[in-house]
Structures are given as structure tokens and as C-alpha cells.
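The following paragraphs lead the reader through a single protein chain, from its overall architecture to one particular charged cluster. Please keep the model in view while reading.

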Amino acid sequence: MNKVSTTERIAELETSDGASRESRARRTSYILEALQLPEDGIFFCGGEYSLQSFEEVRCAYIQGLYLSTVLLSLACIEWEVAGRLFASGWEKAKEARLSELLSEAHERGMISGGDLETFQRLRKIRNAQAHFRPPGSSSSLLQRTEDENLLPNEILMMDAKRAVEALGTFLLGRSGFF
């Protein structure tokens, strides 16, 4: 086995970092505008996992990790919705699936119909990314590339942007949740 020194690895990383710097700078500008901490600087009910997922969403998007961005955005939304519902006395929030949490939040007027639709659409995308789908399934990435006539990375990037925008709207209270 050919051992590579730490110095050589650092040089490789510097080359790679330099090549991706411009695209990361554009993504950084976008994410900093789209995702801001709420004015009070804390998350309402989702706790430490909400904050950690929020921070990791930002890092993942900047690095172009679009799949991670979607998964973490929905995780943050799920923790926040569940926390808020639990705090309002809905015991089932402890074990409810995201679809149930969203429906309950909508029924209680915590999220609008438009937000419910957006979050449910993102939930389906997240599920297709997190759970096996057979080739040819309508939600598979391969099928989506064919249907949308886009490259896989373009679809993942669009999904990530939608997730970031939904999370930003949700956390900043523009969704009517807070």
C-alpha cells in the first residue's frame, strides 16, 4: 500500500479547495441570505438537534452537499414542528411521523396551506432520498432526470434550494408558525 504523507494530503486539499472556491462563495452568499437565525437567536422548541441540523444545513449547502441539505432541512423542520406541538399539549408529537406533524400543525393554524403543501412535497423528495426506490419509480432520481430533462446534480441542487427556502421561511416566522 502506498502511503501518502499528511503534507501531500494538505497539498491535494489546497488544490481542490481552490478549484471550488468560487462556487462555494456563491453558495455562501445565497445561504446566508436565505437562512438566518431567528432574531432572538434561539430555536423555539426543537432543542439542540434543531440548532445542530440548522448549522449543518448551512455547511452542507456551501459544500454542495445537496442530498444532505434536503435531509437536514426536513429534520430541522420536523424537530421544530414536533417541539411546538408537544409544547402545546399534543402528546402524540413525541412519536408522530412528519406527515402527521405537518397535518396537525396545519389543523391548528400553525402553518398555512401553502406551507403544508411545500413541506409535504419536500417530505416526499426526502423520503425518496432516504429510502430505497426501485429503478423507474416516479420519485427515483433517474426517473426525475428523464421527466425533467435535467442532470442529477441539477435536480438535487434545485431540491436543496427549495428545502433551504422552506426552512428559512419557516424559521423566520414568515410561515405563520411563530
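Helices, taken as H or I runs of at least four residues, and strands, taken as E runs of at least two, are DSSP runs numbered from the N terminus. On that basis the chain has seven helices and zero strands, and its pattern along the sequence reads α-α-α-α-α-α-α. The model is predicted. Its C-alpha trace spans about 60 × 45 × 30 Å along the principal axes. Of the 178 residues in the chain, 38% are buried. Among contacts between residues at least 6 apart in sequence, 59% join residues at least 24 apart.

The interior may be considered next. In soluble globular proteins, nonpolar side chains tend to be buried together. In this chain the largest nonpolar core contains 37 residues, and the members that touch the most others are Val81, Leu85, Leu101 and Leu167. At least two residues of this core come from each of helix 1 (6-34), helix 2 (47-62), helix 3 (66-87), helix 4 (98-107), helix 5 and helix 7. The greatest contribution is that of helix 3, which gives nine residues.

Helix 6 (residues 141-148) has buried residues of its own, namely Gln143, Arg144 and Thr145. Helix 5 (113-130) and helix 7 are among the elements that cover the buried residues of helix 6. Just after helix 6, Asn149 adopts a positive phi of about 55°. Helix 7 comprises residues 152-171.

How are helix 6 and helix 7 oriented relative to each other? The two helices pack at an angle of about 95°, and their axes lie 9 Å apart. Angles of 65 to 115 degrees count as roughly perpendicular, and helix 6 and helix 7 are therefore roughly perpendicular to each other. On the side of helix 6, the contact is made by Leu141, Arg144, Thr145 and Glu148, while helix 7 contributes Pro152, Ile155, Leu156, Met158, Asp159 and Arg162. By residue class, this contact of helix 6 with helix 7 divides into five nonpolar, one polar and four charged residues.

One charged residue of this contact, Asp159, merits a separate description. Asp159 lies in helix 7. Is Asp159 buried or exposed? Residues under 20% relative accessible area count as buried, and Asp159, at 0% relative accessibility, therefore belongs to that class. Beyond its neighbours within four places in sequence, Asp159 is in contact with Val70, Leu122, Ile125, Gln129 and Arg144.

Asp159 also takes part in a salt bridge with Arg162, in which the N to O distance is 3.4 Å. Both residues belong to helix 7 and are three residues apart, about one turn of the helix. An α-helix has 3.6 residues a turn, so residues three or four places apart point the same way. The partners differ in exposure, because Asp159 is buried at 0% relative accessibility, whereas Arg162 is partly exposed, with a relative accessible area of 37%. Salt bridges that share partners join Arg144, Glu148, Asp159 and Arg162 into one network. All four of these residues also appear in the contact between helix 6 and helix 7.

The count for the model comes to eleven salt bridges. Another of them, within helix 1, pairs Arg9 with Glu12, and their closest N and O atoms are 2.9 Å apart. Here too the partners are three residues apart, about one turn of helix 1. Arg9 is partly exposed, with a relative accessible area of 42%, and Glu12 likewise counts as partly exposed, at 43% relative accessibility.

Which parts of the chain does the salt bridge between Glu78 and Arg126 link? The closest N and O atoms of Glu78 and Arg126 are 3.5 Å apart. This pair links distant parts of the chain, since Glu78 is in helix 3 and Arg126 is in helix 5, 48 residues apart. Glu78 is partly exposed, with a relative accessible area of 23%, whereas Arg126 is buried, with a relative accessible area of 15%.

Note on methods
Residues are numbered from 1 along each chain as its sequence is written. This is a predicted model: local features need pLDDT of at least 70, side-chain atom pairs count only at pLDDT 80 or more; totals for chains, interfaces and linings use all residues. Side-chain values use heavy atoms; hydrogens and water are left out. Buried means under 20% relative accessible area, exposed over 50%, partly exposed in between (1.4 Å probe, protein chains only). Contact means heavy atoms within 4.5 Å. A nonpolar core is a set of buried Ala, Val, Leu, Ile, Met, Phe, Trp, Tyr and Cys residues joined through side-chain atoms within 4.5 Å. Axes are lines fitted to C-alpha atoms, for helices over the stretch in contact, and angles run from 0 to 180 degrees between N-to-C directions. Angles under 35 degrees count as roughly parallel, over 145 as roughly antiparallel, 65 to 115 as roughly perpendicular and the rest as oblique. Ala, Val, Leu, Ile, Met, Phe, Trp, Tyr, Cys and Pro count as nonpolar, Asp, Glu, Lys and Arg as charged, and the others, Gly among them, as polar. A salt bridge is a side-chain nitrogen of Lys or Arg within 4 Å of a carboxyl oxygen of Asp or Glu.
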